[in-house]
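Let's take a walk through this structure together, starting with the whole chain and then stopping at a few single residues. Keep the 3D view open and turn it as you read.

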Amino acid sequence: GKLSTQGGMFNIIAHDDLTIDSFAVMFKPRNPTVNGFIFGKSGSYRTFEQNSSAWNDLANFDSVSASPVGQFTIIPIELNQHLAPGDTEAFYLTTSNSNPVINMYYGHGTGIQQGTIFKSDGIIDFVQGTANAYPFGNSIGPNVLNIDIYYTTKAGLRYVWSNGDTTAAIGVAPAQ
């Protein structure tokens, strides 16, 4: 599955068993290559925005070629972050490039409040985060990103065979 979202620090809430595979970010064209960081933590980002020790450094990426403007650049890192139904996982995506991304910040007056569900596809909920300068290292600023989230799940996968059986596999006995 894929859910397009906006945010730099955000929560993903799982409604079914799933794995967060990777992210894609929409970069500005003046950045032919980009560097970035992906942080994560179990549970919500709320109250942990300024606590870098609570977060895990999941991945760093260097010199990723940016796609043309208006297109998402897939970050070539397989995260394999498993979430069970009901789990919440917080992520913080940012870059060390100066003014690198197409910002999609929804602030006061837009009707979108931080900490509320911004998008849902029934399998995951995306909870909009905040846009502050977090103490996660040098040159990491308050970059709010336009993000695609790629995930895999078996949610909604059902089997119905011609004999009415609903198991994943059935035995057959062909005549020839």
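Of the 176 residues in the protein chain, 40% are buried. Keep in mind as you look around that this is a predicted model. The surface of the chain comes to about 9,000 Å², and carbon and sulfur atoms supply 50% of that.

Now, what are the building blocks? The protein chain has eleven strands and zero helices. If you read along the sequence, you get the pattern β-β-β-β-β-β-β-β-β-β-β. Contacts in this chain often reach far along the sequence: counting those between residues at least 6 apart, 79% join residues at least 24 apart.

Let's find a sheet. Six of the strands make an open sheet in the order 5-4-8-2-10-9, and the pairing is antiparallel. At the edges sit strand 5 (56–65) and strand 9 (117–120), each of which pairs on one side only. Going from one strand to the next, the twist averages 25°. For a look at one pair inside this sheet, pick strand 2 (residues 9–14) and strand 8 (residues 88–95), which are antiparallel and share five bridges. Which residue of strand 8 is the bridge partner of Phe10? That's Phe91.

Next stop: strand 3, which covers residues 18–25. It is mostly covered, with eight of its eight residues buried. Which strands does it pair with? One is strand 11, joined to strand 3 in the antiparallel sense over seven bridges. Another is strand 7, again antiparallel, with three bridges to strand 3. Strand 6 also pairs with strand 3, through two bridges and with the two running antiparallel.

You can pick out one residue pair for each of these pairings. Leu18 has Leu83 in strand 7 as its bridge partner. For Ser22, the partner is Tyr150 in strand 11. And Ala24 is matched with Ile74 in strand 6.

Stay with Ser22 for a moment. Is Ser22 buried or exposed? Its relative accessibility is 10%, so it counts as buried, given that the cut-off for buried is under 20%. And who are its neighbours? If you skip those within four places in sequence, Ser22 is in contact with Ile75, Ile77, Leu79, Asp148, Ile149 and Tyr150. Notice that Tyr150 turns up here as well as being the bridge partner of Ser22.

Strand 11 (146–153) is worth a visit of its own. Asn146 is found in this strand. With a relative accessibility of 8%, Asn146 counts as buried too. Here's a nice example of chain folding back in space: Asn146 and Phe27 are 119 residues apart in sequence, yet their C-alpha atoms are 8.4 Å apart.

There's a similar example around the loop between strand 6 and strand 7, where you'll find Pro76. Pro76 and Ala24 lie 52 residues apart along the chain, and 8.7 Å separates their C-alpha atoms. Pro76 itself is exposed, because its relative accessible area is 62% and exposed means over 50%.

The loop that holds Pro76 also holds Asn80, between strand 6 (73–74) and strand 7 (81–83). Take a look at the backbone there: Asn80 has a positive phi of about 55°, although it is not a glycine. Thr47 is another non-glycine residue with a positive phi, in its case near 75°. You'll find Thr47 in the loop between strand 4 (33–42) and strand 5. Is Thr47 buried or exposed? Its relative accessible area is 69%, so it is exposed.

Finally, go past strand 11 to the segment that follows it, where Trp161 is located. Trp161 is partly exposed, with a relative accessible area of 33%. That value lies between the cut-offs for buried and exposed, which is why the label is "partly exposed". Together with Leu157 and Tyr159, Trp161 forms a nonpolar patch on the surface. The accessible area of these three residues together is about 280 Å².

Key:
Residues are numbered from 1 along each chain as its sequence is written. This is a predicted model: local features need pLDDT of at least 70, side-chain atom pairs count only at pLDDT 80 or more; totals for chains, interfaces and linings use all residues. Side-chain values use heavy atoms; hydrogens and water are left out. Two strands pair if DSSP finds at least two bridges between them. Helices (H or I, at least four residues) and strands (E, at least two) are DSSP runs, numbered from the N terminus. Axes are lines fitted to C-alpha atoms, for helices over the stretch in contact, and angles run from 0 to 180 degrees between N-to-C directions. Patches are made of residues with over 30% relative accessible area and no salt bridge: like charges are joined within 9 Å, nonpolar side chains (Val, Leu, Ile, Met, Phe, Trp, Tyr) within 5 Å. Accessible areas come from the Shrake-Rupley method with a 1.4 Å probe; for residues, only the protein chains shown count as cover. A salt bridge is a side-chain nitrogen of Lys or Arg within 4 Å of a carboxyl oxygen of Asp or Glu. Buried means under 20% relative accessible area, exposed over 50%, partly exposed in between (1.4 Å probe, protein chains only). Contact means heavy atoms within 4.5 Å.
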